[in-house]
Every structure is written in structure tokens, then in C-alpha cells.
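Me: I should like a close look at a single part of this model, namely the surroundings of the ligand. Please set them out in one connected account, and add whatever bears on the backbone and on other pockets.

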Amino acid sequence: MYTLHIANKNYSSWSLRPWLVLHVLGIPFDEKVHPFPESNTWDSYRTFSPSGKVPCLEDGNIRVWDSLAIVEYLAEQHDHIWPSDKPARAWARSAAAEMHSGFQALRNTCGMSCGLRIQLEEISPALQKDIARIDELWTQGIQKFGGPFLAGAAFSAVDAFFAPVVFRAQTYHLPLSDNANKYLKTILALPSMQAWYDAALAEPWREPAHEKETLDAGKLIADLRT
Ligand SMILES: N[C@@H](CCC(=O)N[C@@H](CS)C(=O)NCC(=O)O)C(=O)O
């Protein structure tokens, strides 16, 4: 049985990706949630993760860290993680890699905080560029491969890589096209996304740095956490 080490569901965008792959595809795993400490994240996370970061997957005595490496490790052992159609798989891997290594303005401005609703103070040109590219990717994937998921009729890893953006779009009311909003609703409606969201809202932890990062982005409209 795998063990997936993750951080707070409210904040941890990187943790969401492999968690969603495992959960949607029904691959059995135990999760261990390590809430962000107020200091010394490195020392605390180094006890279970070589990089001092989450997510980290434990499979017997094998440790796999970094969300992309975890998903690729799982794909070696389970079907349906990437699309079986070759062009769809090539597109899905490219889009997931682009997400993994880019979109700095979106990451820096709009930290994931599932339970908050924020009205952005401003949309900088760099953020607008990231939003436009995400919209283009979502629209293109669905047009090319028929939807309702990014690389075809079935959920695959590329949807998991964009799932944190879906939560961010909900939190910050990001301006998206009708097609992109339709995709957003498809992902939010997944039972696995709802399970993550409900757990995020129920978490008791408030980590000051993450709280500040989110509130610095604009005006607080609602805090739906219990
Ligand atoms: N590229 C890594 C990024 C992992 C990452 O930055 N995780 C954050 C939590 S969402 C973390 O562990 N932060 C703790 C720290 O940076 O000290 C991945 O894909 O897993």
C-alpha cells in the first residue's frame, strides 16, 4: 500500500496533484497530512521527504518526491494515468510539464486557499498572460480531444496538474472564457475534488504566511472554512 505525505489541503497545491490521481483512479493509498509548521518546514519535512517538501510518496522502502516524479512513478505501475491515445498523451504530458515549470505570476499572486474568496486588487499584465495561456490550453485540449476532460473522455494526470488552478480560479474569480468555465465546473464536480475541498474547509490550521499571501492579493469576500 502506498503512503502519500501531503500538507494542509487548504493550501497545498502540489500535494493535490498526486492525491487526485490516486483518488480519482481508485488506487489504494494511505494519506499522512503534515500541517505546515510555523517555522522550520525543512527540518520537519526532512523527517519523511528527501527534498524537505511535500508531496512525497512512500512505496515500501522506495521514496518518490516531487509531484511530477510521483505521477510518472505511478504511471509505470497503473493504467489510465496518461491517455492511451498517443497524440493525446503527448499533449497531456506537454501541458502538465508547462504547468509544472511555469505560471509564476499566477503562483506568486494567487496562492491556493480553497476556503477563501478574494476579489483581486489588480490583474497585472504577467498574471493576465498566465490566465490567457491557461484558458487557451483548456480550450484547446477540449476541442482537440473532445472533452469533457483536457485530454479526452477520461480524467488523466493532466487534469490533476491543473486542479490547483481550478481551486485558484474559484477563490480569485479569475476571468475565464465560457469554455474554460465549463471545464472548471466539470473538475469542481468530481467527487474526489469535493472530498478534498470538504476536508480543506474542515481543517483547523491557519498558517500565518499562507494566510498573509492570500489576503495580500486583494479584498476578502468570504472565508468558508469552519
Ligand atoms: N516541485 C515540487 C514542489 C513541492 C513544494 O514546493 N511543496 C510545498 C508545499 S505545497 C512545500 O513542501 N513547501 C515547504 C517548503 O518549501 O519549505 C513538487 O512538484 O512536488
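Reply: Helices, as named here, are DSSP runs of H or I with at least four residues, strands are DSSP runs of E with at least two, and the numbering starts from the N terminus. The model is predicted.

The ligand occupies the largest pocket. The volume of this pocket is about 580 Å³. Its lining comprises 25 residues, and those nearest the centre are Ser13, Trp14, Phe36, Lys53 and Val54. At least two lining residues come from each of helix H1 (13-24), helix H2 (41-45), helix H5 (104-109) and helix H10 (208-215). By class, the lining of the largest pocket holds 9 nonpolar, 10 polar and 6 charged residues.

Around the ligand itself stand Ser12, Trp14, Phe36, Thr41, Tyr45, Lys53, Val54, Pro55, Asp66, Ser67 and His100. This shell divides into 5 nonpolar, 4 polar and 2 charged residues. Three polar contacts can be described in detail. From the side chain of Lys53, a polar atom lies 2.9 Å from an oxygen atom of the ligand. Val54 takes part through its backbone, where a polar atom is 2.7 Å from a ligand nitrogen. The side chain of Asp66 places an N or O atom 3.0 Å from a nitrogen atom of the ligand. Taken alone, the ligand has 510 Å² of accessible area, of which the protein covers 77%.

The backbone beside these contacts deserves attention. Val54, whose backbone contacts a ligand nitrogen, is joined to Pro55 by a cis peptide bond with omega near 5°. Pro55, itself one of the residues around the ligand, belongs to the loop between H2 and strand S3 (56-59). In the loop between strand S2 (29-33) and H2 lies Asn40, a residue other than glycine with a positive phi of about 60°. H2 is one of the helices that contribute to the lining of the largest pocket.

Two further backbone features complete the account. Gly147 and Pro148 are linked by a cis peptide bond, with omega about 5°, and Pro148 sits in the loop between helix H6 (125-145) and helix H7 (157-172). His173 occupies the loop between H7 and helix H8 (178-188); its phi is positive, near 50°, although His173 is not a glycine.

As for other pockets, the second largest pocket has a volume of about 160 Å³. Its lining is formed by His80, Trp82, Pro83, Ser84, Asp85, Ala88, Ala151, Ala154, Phe155 and Ser156. These residues fall into 6 nonpolar, 3 polar and 1 charged. The ligand, by contrast, takes up the space of the largest pocket, where the contacts of Lys53, Val54 and Asp66 are found.

How values were computed:
Residues are numbered from 1 along each chain as its sequence is written. This is a predicted model: local features need pLDDT of at least 70, side-chain atom pairs count only at pLDDT 80 or more; totals for chains, interfaces and linings use all residues. Side-chain values use heavy atoms; hydrogens and water are left out. On a 1 Å grid over the protein atoms alone, a cavity is a set of points where a 1.4 Å probe fits but cannot get out, and a pocket is an open set with protein on both sides within 12 Å along at least five of seven lines; lining residues have an atom within 4 Å of a point. Grid points are joined across faces, edges and corners, and a volume is the space filled by probe spheres set on the points. Ala, Val, Leu, Ile, Met, Phe, Trp, Tyr, Cys and Pro count as nonpolar, Asp, Glu, Lys and Arg as charged, and the others, Gly among them, as polar. A residue is near a molecule or strand if one of its heavy atoms lies within 4 Å of it. A polar contact is a pair of N or O atoms within 3.5 Å; within protein, one must be able to donate a hydrogen and the other to accept it, and residues adjacent in sequence count only if both atoms are side-chain atoms. Accessible areas come from the Shrake-Rupley method with a 1.4 Å probe; for residues, only the protein chains shown count as cover. A molecule sits in a cavity or pocket if more than half of its atoms lie within 2 Å of its grid points.
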